[in-house]
Amino acid sequence: MSEFSYMETVLSINNISKHYQSVTALNNVSLSIPKGSVFGILGPNGSGKTTLMSIILDILKSNTGNYSWFGKPNDSSQRKRIGALLETPNFYHYLSGENNLKITQAISGRGNAKDIEEVLSAVNLSERKKSKFSTYSLGMKQRLAIGAALLGNPEVLLLDEPTNGLDPVGIAEIRTLIQTLAKQGFTIIISSHLLDEIEKICTHVAILKKGVLLTSGTVNEVLRNEDIVEISAANLSELKNCIVEMGNYLSIKEEPNLLQVHFPSGSADLEAINQFCFSKGITLNLLLNKRKSLETKFFELTND
Amino acid sequence: MLLLLKIEWLKIKRYRAFWWMLAIILLSYPGINTGFYFIYKNITKGKDMANQLAKTFLGNPFSFPETWHTTAYFSSHFIFLPAILVIMLVTNEYSFKTNRQNIIDGWSRTEFISSKLIDVIIVSFIVTLVEIGVAIGFGFNTDAENWNKCLEQLYYIPLFYFQTFAQLSIAFILGYFIKKAFMALGIFLFYYLIVENILVGYLTVKNIPIARFLPFEVSDKILVSPAFVGNFGADAKTKYEAALQIVPEQILFTLIMTTLIWGVCYKVHQKRDIL
């Protein structure tokens with residue numbers, strides 16, 4: 001049982017489907033997002049990530065199913081507790097960054113004039129706060145949208161591709177910011193193509209493909225359907241024979257200087273492997289229990 | 001409602017195009033009426049019999065209390081100017097995708113449409129204020145002796161407001177469904193200036209009595225042509241009185257049409273995907 005299992009559910013999605021004429025954008029998707037989690041929603045282009053996020057923000061209407069925020073009936077007051085960046089930064093082009101945030105503040109009721117200054121500073125836009133939104137670069141627009149989402153410390157942050165348009169420094173800053181917010185107890189729902197980013201910051205993931213939810217759970221649960229042990233010795237072919245003799249493995253993959261041995265989930269015993277190899281006269285120079293990368297898992301699940 | 005008003009003010013107050021358009025309206029309405037006033041002056045300024053007859057027949061339609069009616073009638077023909085404002089305010093939300101962001105930030109779908117209803121109410125109110133200023137200006141400047149009658153026929157002010165609101169609601173629904181400013185404005189102008197005039201003419205000639213239910217004609221008939229405008233025939237008085245007689249019905253039909261417009265917008269916005 002994960003540390004989040006007993007926690008309050010922030011968002012509950014039940015059997016949501018969305019069709020566009022003959023295209024099924026989402027097919028019977030159900031998810032629960034625990035409070036305090038950093039929940040990554042992954043999937044290739046067209047998998048339904050943004051459609052799902054749009055539905056839970058009441059931008060799109062689902063054909064079937066329902067959702068509830070904070071365990072309450074769905075209405076606009078729940079959305080005021082959520083800071084969201086969906087697809088593109090949407091602001092009034094003729095207004096300055098600061099004046100746009102005043103509108104966000106007035107609609108959401110989150111924050112005050114001081115908070116607006118603070119978020120502008122947090123996203124490095126203080127110097128350009130009086131400039132019109134239309135004069136901002138793509139990265140600045142994205143940062144303003146993140147600032148708007150952060151305004152007034154919402155209980156939940158929903159970020160759809162938050163690093164779009166940002167340079168490497170900006171991406172690193174957003175990652176640090178999300179990690180900081182997660183430590184402060186914010187619930188963060190995030191979609192991104194950058195699997196490495198997601199793996200670094202998420203506690204939970206859900207993987208979508210063509211509108212179908214393939215898997216969801218804590219990162220450890222999702223990645224832990226088999227154990228991978230990296231192993232190496234002076235003579236790799238002898239080592240391979242030894243592992244074959246030992247048995248109980250799923251597959252052995254030969255890498256340039258090591259073997260990658262896949263075991264059924266929870267069955268890899270490094271001590272036993274070491275002992276067995278030693279008893280066969282093989283001295284190991286590498287023995288490492290390696291978690292499968294999210295990227296590997298993602299491609300396994302999403303490749304046809 | 002006050003919060004919605006405050007938020008719409010935040011959107012508008014630094015929107016230069018809005019203020020430029022408003023300045024154009026501020027200049028146009030007195031300009032339009034001044035044009036018609038000079039036509040009137042030209043007809044009545046001569047000393048010969050025809051001019052004096054015209055003066056006796058027309059009176060001074062720009063003095064109190066007729067100025068309320070006359071200026072309201074002429075001003076109402078230029079509804080396409082505030083219509084540009086309304087169309088801009090609704091289509092901007094689509095071009096900036098702020099129609100989505102407002103919902104994401106916490107507005108309900110009903111609040112979004114209500115905010116646009118407030119825009120139309122405000123624009124109609126501003127236009128009516130301009131019209132009141134124009135009427136007072138002409139009343140005092142063309143015949144100051146009649147100022148004691150300035151409180152007569154004041155009902156033309158709410159009638160003008162209602163007609164403006166009804167016709168701007170048509171501009172709104174076009175902007176709401178078409179989403180593109182130029183296309184919505186083009187269709188508005190094409191229908192308002194050409195299509196409906198042809199339809200009214202055709203239906204009148206063919207004696208098919210449904211012209212008064214057409215979208216603009218229904219509210220146009222709230223402000224009947226002043227007695228001196230184009231009614232010089234033998235049946236002028238009868239026609240004028242007939243036009244006056246149907247005003248209450250036209251108010252009711254306009255109310256129904258306007259309620260339908262907003263009802264459709266509220267209903268559709270509840271159900272549709274916000275793209």
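**Exercise 1. Determine which residue follows helix H4 of chain A and what sign its phi has, then work out where the buried residues of H4(A) lie.**

Asn124(A) follows H4(A), and its phi is positive, near 55°; helices here are DSSP runs of H or I with at least four residues, strands are runs of E with at least two, and both are numbered from the N terminus. The model is a predicted one, in which local features need pLDDT of at least 70, side-chain atom pairs count only at pLDDT 80 or more, and totals for chains, interfaces and linings use all residues. Residues are numbered from 1 along each chain as its sequence is written, while chains are lettered from A and ligands numbered from 1 in the order in which they are written.

The next step is to turn to the helix itself, residues 113–122, in which Ile116(A), Val119(A) and Leu120(A) are buried; a residue is buried if 20 or more other C-beta atoms, placed from the backbone, lie within 10 Å of its own, exposed if 12 or fewer do, and partly exposed in between. These residues lie on the same side of H4(A) because they cover an arc of only 100° around the axis, the arc being that of the directions from the helix axis to the C-beta atoms. Finally, the buried residues of H4(A) pack against H3 and H5 of chain A, where contact requires C-beta atoms, placed from the backbone, within 7 Å.

**Exercise 2. Locate Glu87(A) and Asn153(A), and describe the phi of each.**

Most residues other than glycine have a negative phi, and most peptide bonds are trans. Glu87(A), in the loop between E5 and H3 of chain A, has a positive phi near 60°, and this residue is partly exposed, with 15 other C-beta atoms within 10 Å. Asn153(A), in the loop between H5 and E6 of chain A, likewise has a positive phi, of about 50°, although it is not a glycine.

**Exercise 3. Reconstruct the open sheet of 6 strands in chain A and place helices H5 and H11 of chain A against its strands.**

The strand order is E5-E6-E7-E3-E8-E9, with mixed pairing, two strands being paired if DSSP finds at least two bridges between them. The edges are E5 (82–85) and E9 (212–218) of chain A, each of which pairs on one side only. Neighbouring strands are turned by 10° against each other on average, direction ignored. Within the sheet, E8(A), residues 204–209, pairs with E9(A) in the antiparallel sense over 6 bridges, and Lys209(A) stands opposite Val212(A) in E9(A).

As for the helices, H5 (residues 138–150) of chain A packs on the sheet, where it touches E5 and E6 (156–160) of chain A, and its direction makes about 165° with that of E5(A). Such angles run from 0 to 180 degrees between N-to-C directions, with axes fitted as lines to C-alpha atoms, for helices over the stretch in contact. H11 (residues 294–302) of chain A lies across E3 (38–42), E8 and E9 of chain A, at about 30° to E8(A).

**Exercise 4. Describe the contact between chains A and B from the side of chain A.**

The contact takes 26 residues from chain A and 23 residues from chain B. On the side of chain A, H2 (76–79) and H3 (97–108) each supply at least two residues, and the largest share, 7 residues, comes from H3(A).

How values were computed. Two residues are in contact if their C-beta atoms, placed from the backbone, lie within 7 Å.
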